[in-house]
Amino acid sequence: MITRRHAIMMAGLAAGGLGLRPARAAETSDVVVIGAGLAGLYAALTLQDAGMKVRVLEGSERVGGRCMTALDLPGHPELGASQIGAMYARLRGMATRFGVELGQPPKHTGSETNRQPMAISLDGKPVITAPWAEAPQNPLAGAERAMFPFMLYPTYMAKAMTLKTIVDWFDPAFAHYDRQSLRTLLLGAGASPDAVKLIDFDVYADNTGDISALESLRKQFYYGWEAKQGKFDTAVNGISGVPEAMAAHLQTPVLLDKFVTSIVSGKNGVSVRCEDGSRYDANFAICAIPFSVLRHVHLDAPVPPPQRRAIDELAYSKIFTVWVTAKRKFWEEDGQPGNLWSNGATERFLLQPSRVQETPNMSFYLRGAHAQAMSKLPPADAAAYLFDKMAQIRPSTRGVFELLRVQSWDGSKFNRGAYSYFKPGQINDFAQAMAAPAGRVHFAGEHTGKLSAGMEAACESGERAALEILGV
């Protein structure tokens, strides 16, 4: 009797017949996984558990993707993902399986549902010292006037929310929300135009007109639902420990610095070429890199038009962070909260408690056009610009900051953006098609998750791609 396992092994013997002349002898596997983030590693472990030979290729010099703990910096800040929701079952399962300790975050850690007090600056002007509701700089009127800028978005999304379950965003009954922008949805929920202008600086898209209303409803519902299930955790020794532990338990080590330039799906298998000239043949491939990166890779596979549009057009948020240390506790000097909300050049300044030192981790957090502009500057110049702008609106910070590191997700060759999101009309156009297998190439990554979001969506997608290959 020929089992699926035997069939896969026999197909592997024929995988070299793709008509390509390798730059060097090709390595063969049952499955080659492209990308060693959570999605790729979860898929690889699932396939390995089923008895397959798996090879994981990672373009950068580290595993983890957007899970990046800066253990070399004071305070060990998380440069990317960090929060592990109560219902992140797959991610929590990996942590338990490989002995990665999870725990409650330090007291006063902020989250999407636990926003800390913030100083406020508008239009590059000094921090507002009067009570917000009474401040002459406050552009809002009526009931909105008492609402802090960072509370406008969750307030109006709660009013606009019509989804009842985490799968409703795929229900045709809600498809009309995808044909409108978040801006239109917010105005329809009663937000004033001035309020929407402030909300523009509180979304992960470039602005509220750039993102599908249905996409926003979906994410807001999921994170709200998730928050009701229990408190979020963090990895005690850094979130990077989870993907690193996963990679360490692969029988065939992850190959680093293997930036993929070509993926060819043939009748009997897949051939993957890397920037260094190496080639890897397999019966199947799982592509677990962002579409923002994949669109720059030669992909020869039977990709239908909607899926091709997804690869070419799916949007990714621009996130730029500058990690700093401060010589003084300037917030104690000026009496304002340490955190800052601004629609000016500095956007957010955030303080997050550290597990390893008394001083909090500090960072400037920029998105959209501001992030894109800063990404084009040398890191020291970008930091100096932000330090100067901060000092103009908050004089107590003049001369207080020292640069630790700049992190540009948009400027990274291996990411080309941070969070994926759908523009108006794109869910109806290609959301259902974008994760379907194309020949022998399967797709994974947070952007292809259907039930979850964030890190759990990455794990969910890796599991789905692996099960597709296993025929389960």
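In strand β15 of this predicted model, the bridge partner of Thr 325 is Glu 402. Strands here are DSSP runs (E, at least two residues), and helices are runs of H or I with at least four residues, both numbered from the N terminus. Thr 325 belongs to strand β11 (residues 319-326), which pairs with β15 (residues 401-408) in the antiparallel sense over seven bridges; two strands pair if DSSP finds at least two bridges between them. β11 also pairs in the antiparallel sense with strand β14 (residues 361-367), over six bridges. In that pairing, Thr 321 has Tyr 365 of β14 as its bridge partner. Strand β11 is mostly covered, with seven of its eight residues buried. Buried means under 20% relative accessible area, exposed means over 50%, and partly exposed lies in between (1.4 Å probe, protein chains only).

Stepping back to the whole chain, there are 15 helices and 17 strands. The radius of gyration is 23 Å, close to the 23 Å that the globule rule gives for 472 residues, so the chain is as compact as a globular protein of that length. This radius is taken over C-alpha atoms, and the rule is 2.2 Å times the number of residues to the power 0.38. Of the 472 residues, 55% count as buried.

What lies inside? The largest nonpolar core has 71 residues, of which Ile 263, Phe 291 and Leu 294 touch the most other members. Such a core is a set of buried Ala, Val, Leu, Ile, Met, Phe, Trp, Tyr and Cys residues joined through side-chain atoms within 4.5 Å. Helix α4 (residues 149-160) gives this core its largest share, six residues. A second, separate core of 44 residues includes Val 31, Tyr 42, Leu 47 and Met 455. Leaving aside neighbours within four places in sequence, Ile 263 is in contact (heavy atoms within 4.5 Å) with residues including Ile 34, Val 270, Leu 294 and Val 441.

The mean pLDDT, the predictor's confidence in each residue from 0 to 100, is 93 for the protein chain, and 94% of its residues reach 70 or more. Over residues 1-23, however, the pLDDT is below 50. Where pLDDT is low, the predicted coordinates should not be read in detail.

Residues are numbered from 1 along each chain as its sequence is written, and side-chain values use heavy atoms, with hydrogens and water left out. Local features need pLDDT of at least 70 and side-chain atom pairs count only at pLDDT 80 or more, whereas totals for chains, interfaces and linings use all residues.
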